[in-house]
Amino acid sequence: MGVLCGKRKIAAGSRQSRLAGGIEERRTRFAGGEELLFFCPSRPDVHRFWLEVYESFLQRYDVDGLQLDYIRYPVSLPVEKGFCYCDFCRKQFTLNYPVDPLTIDPASDPEIRKQWNRYREEQINAFVRSVHELLKSRFPEIKLSADVFPIVEESRETKMQNWGYWLKKGFLQEIFTMSYTPDVRTIKEEAIYLKNILPGGIAGYVGLGPYQGFRPEILMDEIQSARQANTGGVCLFEFGSLTPEQKTALKLGPFRLKAKVRSWK
Ligand SMILES: [Zn+2]
């Protein structure tokens, strides 16, 4: 069983957290100027901070893997709600393009807008690459995984999260989609999509969202759809919010056989 760490938003969200000390100037900003308790994904000091946290964590604790959650920008559409327009990001972008990102009009400047999206995507890519390199050099037995939005094209457009690239570059050993919907047909499509995009040797799990409280029959159908697509399996988000009816159905149905607790070591 893996221990989940690297909850960027949670660590940033607690003002009392020792991890979050001194983050005031590192927060991300809406296009409208408003701040969010979310680290700016472009700043090298934010990258260094998290790499030090991971390194320290992995030195101290005997874990199987490291999972990156919220490994993306908070949101990018609509444009006025997009991130990150902090002073650092705006300045960095103007080093290559003579345009302040705040002034980009997607309707009249689609090409620049594309470059701005690409710039932001590369910040996330660089961080994932750095984590991969840290693990490869210092902790080669630790598997790296990430939680991602189910369709790469949409994930890139709305979150600057290009997980197709991470898979292609071999940064991850496992991936978990966040396919949180009561629509079984969507789960089926997303499971097949995941299966088709996975490189050999990489495990992909369809993350289902029973926390939304849908009926046990729907959860059973979703698990069956994911299994039929022959992905690595399913992941349920999350155990603490399963209803008694969902638990009973899981116990009598898809998880009626005693599980072998997986270990990579
Ligand atoms: Zn920024």
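# Briefing: helix packing, core and backbone exceptions

Asn 230 is placed in the loop that runs between H8 and S7. The model that contains this residue is predicted. Its chain has nine helices and seven strands, and 32% of the 265 residues count as buried. Of the contacts with a separation of 6 or more, 71% are between residues 24 or more positions apart.

**Backbone exceptions: positive phi**

- Most residues other than glycine have a negative phi, and most peptide bonds are trans.
- Asn 230 is not a glycine, yet its phi is positive, near 65°.
- Asn 230 counts as exposed because it has 10 C-beta neighbours inside 10 Å, and the limit for that class is 12 or fewer.
- Met 160 also departs from the rule for residues other than glycine, with a positive phi of about 60°.
- The position of Met 160 is in the loop between helix H5 (152–159) and helix H6 (163–168).
- Met 160 is buried, because 26 other C-beta atoms lie within 10 Å and 20 or more suffice for that class.

**Backbone exceptions: cis peptide bonds**

- Phe 83 and Cys 84 are linked by a cis peptide bond, whose omega is near -20°.
- Cys 84 belongs to the loop between strand S3 (65–68) and helix H3 (87–96).
- A further cis peptide bond runs from Phe 237 to Glu 238, with omega about -10°.
- Glu 238 is situated in the loop between strand S7 (233–236) and H9.

**Nonpolar core**

- The largest nonpolar core holds 48 residues, of which Cys 84, Val 128, Val 131, Ala 146, Val 206 and Val 234 touch the most other members.
- H4 supplies the largest share of this core, namely six residues.
- Cys 84 thus appears in two roles: it ends the cis bond from Phe 83, and it is listed among the core residues that touch the most other members.
- Leaving aside residues up to four places away in sequence, Val 128 touches Leu 68, Ile 71, Trp 166 and Phe 171.

**Helix pair H2 and H4**

- Helix H2 (residues 44–60) and H4 have axes that come within 11 Å and cross at roughly 30°.
- The two helices are therefore roughly parallel to each other, since angles under 35 degrees fall in that class.
- The crossing in which H2 passes H4 is right-handed.
- On the H2 side the contact is formed by His 47, Leu 51, Tyr 54 and Glu 55, and on the H4 side by Phe 127, Ser 130, Val 131, Leu 134 and Arg 138.
- By class, the residues of this contact are five nonpolar, two polar and two charged.
- Val 131 takes part in this contact and is also one of the core residues that touch the most other members.

**Helix pair H8 and H9**

- Helix H8 (residues 216–228) packs against helix H9 (residues 244–252) at an angle of about 40°, and their axes are 9 Å apart.
- That angle makes H8 oblique to H9.
- H8 and H9 cross in a right-handed sense.
- Pro 216, Leu 219 and Met 220 of H8 meet Glu 245, Gln 246 and Ala 249 of H9.
- The contact of H8 with H9 comprises four nonpolar residues, one polar and one charged.

**Buried residue Arg 120**

- Arg 120 is part of helix H4 (residues 110–138).
- Arg 120 counts as buried because it has 25 C-beta neighbours inside 10 Å.
- Setting aside residues up to four places away in sequence, Arg 120 touches Tyr 73 and Met 160; Met 160 has the positive phi noted above.
- The C-alpha atoms of Arg 120 and Cys 89 are separated by 8.8 Å, although the two residues are 31 residues apart along the chain.

**Buried residue Ile 187**

- Ile 187 is part of helix H7 (residues 184–197).
- Ile 187 counts as buried because it has 28 C-beta neighbours inside 10 Å.
- Ser 225 is 38 residues from Ile 187 along the chain, and their C-alpha atoms are separated by 6.9 Å.
- Not counting residues up to four places away in sequence, Ile 187 touches Ser 179, Thr 181, Val 206, Leu 208, Glu 222, Ser 225 and Ala 226.
- Val 206, one of these contacts, is also named among the core residues that touch the most other members.

Conventions
Residues are numbered from 1 along each chain as its sequence is written. This is a predicted model: local features need pLDDT of at least 70, side-chain atom pairs count only at pLDDT 80 or more; totals for chains, interfaces and linings use all residues. Axes are lines fitted to C-alpha atoms, for helices over the stretch in contact, and angles run from 0 to 180 degrees between N-to-C directions. Helices (H or I, at least four residues) and strands (E, at least two) are DSSP runs, numbered from the N terminus. Angles under 35 degrees count as roughly parallel, over 145 as roughly antiparallel, 65 to 115 as roughly perpendicular and the rest as oblique. A crossing is left-handed if the near helix is turned anticlockwise from the far one by less than a right angle, and right-handed if clockwise. Two residues are in contact if their C-beta atoms, placed from the backbone, lie within 7 Å. Ala, Val, Leu, Ile, Met, Phe, Trp, Tyr, Cys and Pro count as nonpolar, Asp, Glu, Lys and Arg as charged, and the others, Gly among them, as polar. A nonpolar core is a set of buried Ala, Val, Leu, Ile, Met, Phe, Trp, Tyr and Cys residues joined through C-beta atoms within 7 Å.
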